[in-house]
Amino acid sequence: MSLATDESNKPTLYKRIRSDIEKRILTGEWPPGHRIPFEHELVARYGCSRMTVNKALSELAQADLIERRRRAGSFVRRPQHQSAVLKIADIRAEITALGRSYGYELIHRKLRVATAADRDRLGVKKAGKVIAIACRHSADNVPFAVEDRLIDLSSVPDAATADFSREPPGSWLLHHVPWTEAEHTISAIVADHHTAEALDIAIGAPCLVIDRYTWRSARTITAVRLLYPGDSHRLVARFKGG
């Protein structure tokens, strides 16, 4: 796909440049860490001034879509992942970092038109398609967490063709889709029959629950509920005083 355009509508040309780059990032064509063409390359492609290109890149940086490095250029921003309350953890990386063997099982994957419950969970009003995924993560062949996830395909169209039978959806999203905002809600429940069976724990055993939502510039990417056995998992947050 060519980035070239004309300058017939100069006042909005920088918006076109921003839109072109943003589309490539949000569709995953340019994944996290990908180098954006240099300013002089964009100037040549669009036949515009360097000031126009700079304005588009500055807005993309302000939206946390790209990061600009002096002398190195601009790059698609990489999301941060860390096993802590305030950051998004990649469960596969979390388990391997503990020196344990990671296992993954896709329980089901369904592509469907969003139901009213789906729209309510994602916080969206318009009907669209979603992918509903249930999967289980294990450490040394012992259930570590079960995951119930919705992905909004209007925000992440490439998820429709991703092979979630091989790659966990959380890992895939972290490495392909940049996000700008996230929310965690932490609670506790006792395991019902379904949860107890999935986690291989007793009915009534305590479970830690994390409900997470991520957005890209106010557009919902995904909503996920993670359930952990309460006696084998903890969350840590460390703060610095002002």
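**Notebook: helix α6, the sheet and Ile 21**

I looked up where the buried residues of α6 pack, and found them against α4 (91-97), β3 (102-113), β4 (129-139), β5 (142-152) and β8 (219-229). I note that the model is a predicted one.

I then checked how much of α6 is covered. Helix α6 spans residues 169-176, and six of its eight residues are buried. I listed these as Pro 169, Gly 170, Ser 171, Trp 172, Leu 173 and Leu 174.

Next I turned to the sheet. I traced six strands in the order β3-β4-β5-β8-β7-β6, which form an open sheet with antiparallel pairing. Strands β3 and β6 (181-190) are the edges, since each of them pairs on one side only. From one strand to the next, I recorded an average twist of 15°.

I looked more closely at one strand pair. Strands β5 and β8 run antiparallel and are joined by six bridges. For Leu 150, I found the bridge partner in β8 to be Ala 223. I returned to α6 here: the helix packs on the sheet, where it touches β3, β4, β5 and β8, and its direction makes about 55° with that of β5.

My last entry concerns Ile 21, a residue of helix α1 (residues 13-26). Is Ile 21 buried or exposed? Its relative accessible area is 0%, under the 20% limit, and therefore I entered Ile 21 as buried. Leaving aside residues up to four places away in sequence, I found that Ile 21 touches Trp 30, Ile 36, Leu 42, Leu 57 and Leu 60. I also looked up Val 76: 55 residues separate it from Ile 21 in sequence, and the C-alpha to C-alpha distance is 9.7 Å.

Terms used:
Residues numbered from 1 in each chain as written. Predicted model: local features only at pLDDT ≥ 70, side-chain atom pairs only at ≥ 80, totals over all residues. Heavy atoms only, no water. Buried < 20%, exposed > 50% of the residue type's maximum accessible area, 1.4 Å probe, protein only. Helix = DSSP H or I, 4+ residues; strand = E, 2+ residues; numbered from the N terminus. Contact = heavy atoms within 4.5 Å. Pairing = 2+ DSSP bridges. Axes fitted to C-alpha atoms, helices over the stretch in contact; angles between N-to-C directions.
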